[in-house]
Each structure stands twice: as structure tokens, then as C-alpha cells.
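User: Could we go through this fold together? Start with any term I'll need.

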Amino acid sequence: MSGGYYTSGEFARKAKVTIRTIRFYDKQGILKPSKVSEAGYRLYTDEDFGRLQRILCLKYLGFSLEEIMALTIHEGREDMTHSLKLQKELIRKRIRHLEMMERTLDDTARMAEASGAIDWNDILNLIHITNMEHAVVEQYKNSVNINARIQLHRRFSRNPVPWFSWIAGQIPFEQMERVLEVGCGNGQLWQQVPIDMIKDKEIYVTDISSGMVEDAAEILKKSGRTELIFQTEDCQKLSYGDQMFDGVIANHVLFYVKDIYQALEEIRRVLKNGGGFYCSAYGKEHMREITLLVQEFDPRIALSDVALYELFGLENGQGILEKVFQKVEKVMYEDYLLVDQAEPLLDYIMSCHGNQGEILGNRQKEFKRFLERKIEEKGGIRITKMAGMFVCGT
């Protein structure tokens with residue numbers, strides 16, 4: 001080691017991997033050297049060991065090279081700590097999944113030995129359980145992506161009242177006894193609602209993804225939110241009875257629903273007469289500077305396959321909601337971002353649902369330098385936020 005750097009050979013020996021492995025990750029753009037010397041030597045730092053650890057863990061857990069590339073951008077100390085926690089949770093989920101497979105295999109084998117025949121329904125059940133592994137991996141990716149998006153807003157928003165706190169302030173919890181949230185994600189909203197505000201109330205925290213519900217339950221129970229009720233629910237087909245809730249909340253959810261009107265009818269069904277529906281959405285100008293940045297770097301990049309605000313947004317949401325609810329009021333959240341660091345902006349961009357992972361690929365460091373130049377030229381990048389909430393009455 002010289003001057004805080006390791007050569008490729010030193011780095012490989014210290015990490016106990018082959019130099020061929022290091023060169024392969026370099027070629028694929030997954031683990032580029034921190035520096036290339038004038039003589040052409042590829043040089044690595046201690047921070048690169050943390051990145052390599054994450055790569056090897058994700059590889060062991062079955063991620064593809066493309067997935068690993070998209071998930072190994074974070075390099076800071078705080079992000080590495082978050083990464084280790086996510087890896088630990090992913091391993092715990094995989095252990096539970098493998099234990100379930102083991103029990104099912106044992107049960108199937110015992111039934112086959114006892115009857116002398118195989119019940120093909122048991123085999124189909126095994127296939128289903130095996131396919132659940134994909135859902136575990138997808139849940140990890142979702143957790144990484146959600147964290148990247150939340151962190152950008154949390155660190156660089158100019159409104160002193162955070163988004164989730166603002167949402168909580170729009171909802172009259174004191175007038176409610178039973179509340180439903182659809183599409184809870186990782187439960188961020190309920191970390192911002194004061195415990196006293198929802199004390200002695202029934203709060204149902206739901207999502208169509210069972211993995212998200214599990215994550216939300218774990219996060220919120222650790223923070224003392226033991227009064228919440230966690231359930232897996234599809235808002236297009238809710239299992240609850242008619243007029244059961246005083247309020248229903250949908251935070252940035254409706255544009256993901258396949259049949260919005262079916263979901264709205266279900267929400268209206270479970271709402272009491274006089275109850276309220278509180279749903280948030282984006283407008284077409286939301287985060288537009290990020291789109292302009294990526295397309296300036298490479299015009300082929302599209303951060304989303306579909307413009308979500310066209311499905312349900314601040315511009316068309318009122319008309320959609322008025323077909324189901326009698327009163328609809330739009331309330332705007334005034335805010336913008338002022339981003340003066342390239343890395344969290346890169347994290348956000350790579351967390352989007354478009355083709356940026358494929359196009360940027362091994363150009364991520366080049367793109368990061370591009371972002372750094374833009375930030376330096378402008379003294380920070382101002383990013384428009386256009387978000388708000390529709391308050392609907394029955």
C-alpha cells in the first residue's frame with residue numbers, strides 16, 4: 001500500500017479474491033478503481049473494500065450483475081451503514097424462506113413415503129415457494145430505492161416542515177376513531193404522526209406488497225408504534241366491511257393502481273358517510289430539472305416508462321375523484337430542493353423505474369462527474385417540487 005492506495009494485486013490479496021475477479025468487476029463497471037496512476041496502475045482505497053463486500057454479498061444472494069450495478073452506488077459512511085442493515089435483513093428473509101422450503105420438502109417427502117404416491121398439489125406448492133425468492137430480492141431493491149428517494153428530499157428540501165409531517169397535519173385525526181392507509185410503503189408517514197394524536201385509535205397500515213408491510217411493521221414497532229395494525233391488502237379489493245373507516249389515506253399510490261376507479265369505489269365503500277379520503281399526487285413539473293439533467297447527459301435516458309402524473313396527478317386528479325366523491329379540494333405543498341452534492345442526486349436517479357441503469361451502466365462515475373460540474377457551475381441545482389393532496393368528502 002502506498003499513499004493510501006492499493007494496487008489491483010494488493011487489493012485482491014487483502015480481500016482474498018482473485019485479481020481476475022477485481023479486473024472483471026472493473027471491466028463491468030461495478031467496481032472501478034478510485035484512481036489510475038500516471039503509469040496506468042489501477043489503485044483502490046479502504047472505502048473500496050466496503051463496496052466490494054456489498055458486491056460479494058449481493059452476488060451470493062443471487063442478484064444479477066445489472067442489479068448489483070444499480071444497487072452499489074452508495075459510497076458514504078451513512079449509506080454503507082444503511083446498506084449493511086439492508087443486507088442483514090435480506091439474509092434474515094432468505095433464511096426464513098429456506099426454512100419454509102425445508103419444512104415443505106420434509107412434509108412432502110413424508111406424505112410420499114406414507115402413501116407411496118406424490119400429491120402434485122404439494123409439488124405446485126413447492127414451485128410457488130421457490131418462486132417467492134424473486135419477491136424477496138425485489139423487496140430488497142424496493143427498500144434501497146425508497147431510501148434513496150426519501151433521503152434526497154429529507155436532506156435538500158427547503159420547506160422546514162417535512163412532507164410526511166405536512167400530510168399528517170392535513171388529516172383531522174382527533175375527529176377519527178378508525179383510519180386506513182393503503183399503499184403504506186415502508187411506513188414513513190406513521191413515524192411523523194405524534195403518538196398522542198393517534199392514541200386509542202384503530203390505525204390499519206396496509207400495502208399490496210406483504211414484504212413492504214413486514215418492513216413497515218418492523219420499523220414502526222421498533223420506534224414504539226405498537227398500536228398500529230398491519231395487513232396486506234389490495235386497495236382494488238379491500239377485505240373490510242362497508243362504512244368501516246372515518247378516514248382513508250393514499251400517499252402517492254393511485255397512479256400505480258391498475259384500475260383507479262375500482263380502487264376509488266372500494267375506498268368510498270369502506271368510508272363512513274361524512275368520512276374523508278386524503279390522497280396525494282405529483283404535478284407535471286415535479287422534479288423536471290432532474291429529467292433535463294439526465295437527458296442533457298444522454299437523450300436516450302427515460303427515468304420512467306410512464307408519466308405517472310398523466311395517470312393520476314395534480315392536473316387531472318380532481319376530475320377523476322369527483323366521479324366518486326361529492327367534495328374534492330386540492331391543497332398544495334410549497335417546497336423545492338437545492339442540491340449541492342452529486343452522490344445523493346445520482347442515488348435518486350438510479351432508483352427510478354426507467355432505463356437509466358441500462359444506459360448509464362459502467363458510465364456512472366462519468367455521470368457523477370457531470371453532475372459535480374453542474375453543481376459547481378450553478379452553486380447547487382434547484383429542483384422544482386410540485387406535490388399536494390386532494391381532500392375528499394363523502
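Analyst: Sure, one term up front: two strands pair if DSSP finds at least two bridges between them. Keep in mind that this is a predicted model.

User: In the open sheet of seven strands, what is the strand order?
Analyst: The sheet is open and its pairing is mixed. At its edges sit β6 (228–232) and β9 (327–333), each pairing on one side only. From one strand to the next the twist averages 20°. Reading across, the order is β6-β5-β4-β7-β8-β12-β9.

User: Which residue is the bridge partner of V328 in β12?
Analyst: β12 covers residues 387–393 and pairs with β9. That pairing is antiparallel and runs over seven bridges. In β12, the partner of V328 is C392.

User: What angle does helix α7 make with β12?
Analyst: Helix α7 (residues 163–170) packs on the sheet. There, α7 touches β8 (271–282), β9 and β12. Its direction and that of β12 make an angle of about 20°.

User: And helix α10, at what angle does it run to β8?
Analyst: Helix α10 takes in residues 260–270. It lies across β4 (178–182), β7 (245–250) and β8. Relative to β8, α10 runs at about 145°.

User: Zooming out, what percentage of the residues in the protein chain is buried?
Analyst: The chain holds 16 helices and 12 strands. Of its contacts with a separation of 6 or more, 80% join residues 24 or more positions apart. Counting as buried anything under 20% relative accessible area, the share of the 394 residues comes to 49%.

Note on methods:
Residues are numbered from 1 along each chain as its sequence is written. This is a predicted model: local features need pLDDT of at least 70, side-chain atom pairs count only at pLDDT 80 or more; totals for chains, interfaces and linings use all residues. Side-chain values use heavy atoms; hydrogens and water are left out. Helices (H or I, at least four residues) and strands (E, at least two) are DSSP runs, numbered from the N terminus. Buried means under 20% relative accessible area, exposed over 50%, partly exposed in between (1.4 Å probe, protein chains only). Contact means heavy atoms within 4.5 Å. Axes are lines fitted to C-alpha atoms, for helices over the stretch in contact, and angles run from 0 to 180 degrees between N-to-C directions.
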